[in-house]
Amino acid sequence: MTKQEQQPWEQKPKELNNHYYFFMKYLEHEGKISIPKFYKKLKQETEKNHEFSYKLPTWKTFETWAYLEEWVKRKEAYQKYQNELLLDKIQQSYLDDLEEIFSLNQSITKEGLGKAKAILSDDKFSGFNFEKVMKGTDIAIQNNRLVTGEPTEIIKSDNKNDNDNTLEIVLTTPPKESDEDESGDGVKS
């Protein structure tokens, strides 16, 4: 079993408990604050009858602890670590949301295709123009592909080299449905 590397904000082996106690107070303070301002804040708290676990040292002693034990540098390392944890959580949440959206889009597309197949397989059904149903289904599939980042068209490249049969994959926006009837008489359906 290997010993885990000590983090900069953890108590150093030779760091005294009272030194580390005040470092932890500094670490708990939100945002950046200079050592002199932080000391003033602690001094004000002691004047308001606030008691610490250890007696607040003189300014010179406090300043020496902060300098020798690199409080500012250690606090920056801790804040960087906390920011990385937060970023990881945000990224994981984003990926989880994308996965949920993709799954939802897939189920909507499958449901829509199932309904279209049911309509097409019913010989007695005459309520819709089947070409419009198929065109609508095609548009829905293209929209789903755009949402999920899949290609919507595959076009053969016009490469002059006959031996190179590469395909160009293009993301396009789906065609807009026409408001006019396909017969061209201008009557909306």
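H29 is buried, with a relative accessible area of 18%, a value under the 20% cut-off that defines the buried class. The model in which this was computed is a predicted one. H29 sits in a loop, between helices α1 (17–28) and α2 (35–47). Leaving aside residues up to four places away in sequence, H29 touches F38, K41 and K75.

The helix that precedes this loop, α1, has twelve residues. At 1.5 Å a residue they should span 16 Å, and the end C-alpha atoms are 16 Å apart, so expectation and model agree. The buried residues of α1 are H19, Y20, Y21, F22, F23, Y26 and L27.

The chain as a whole holds five helices and two strands. Read from the N terminus, the order is α-α-α-α-α-β-β. The chain has 189 residues, of which 20% count as buried. Contacts between residues at least 6 apart in sequence were also examined; 52% of them join residues at least 24 apart. The exposed area of the chain is about 15,300 Å². Carbon and sulfur atoms supply 53% of that area.

Helix α3 covers residues 59–68, and its buried residues are F62, W65 and A66. These residues lie on the same side of α3, because they cover an arc of only 95° around the axis. An α-helix has 3.6 residues a turn, so residues three or four places apart point the same way. The face of α3 turned away from the buried side carries exposed residues, namely K60, Y67 and L68. Just after α3, E70 adopts a positive phi of about 50°.

The surface also bears a nonpolar patch of about 490 Å². Y94, L95, L98, I101 and V147 make this patch. Helix α4 (residues 71–121) contributes four residues, the largest share of the patch. L98 lies in α4. With a relative accessible area of 39%, L98 is partly exposed. That class lies between the buried limit of 20% and the exposed limit of 50%, so L98 falls inside it. L98 also clears the cut-off of over 30% that patch residues need.

Notes. Residues are numbered from 1 along each chain as its sequence is written. This is a predicted model: local features need pLDDT of at least 70, side-chain atom pairs count only at pLDDT 80 or more; totals for chains, interfaces and linings use all residues. Side-chain values use heavy atoms; hydrogens and water are left out. Buried means under 20% relative accessible area, exposed over 50%, partly exposed in between (1.4 Å probe, protein chains only). Contact means heavy atoms within 4.5 Å. The expected span of a helix is 1.5 Å times one less than its number of residues. Patches are made of residues with over 30% relative accessible area and no salt bridge: like charges are joined within 9 Å, nonpolar side chains (Val, Leu, Ile, Met, Phe, Trp, Tyr) within 5 Å. Accessible areas come from the Shrake-Rupley method with a 1.4 Å probe; for residues, only the protein chains shown count as cover. A salt bridge is a side-chain nitrogen of Lys or Arg within 4 Å of a carboxyl oxygen of Asp or Glu. The arc is that of the directions from the helix axis to the C-beta atoms.
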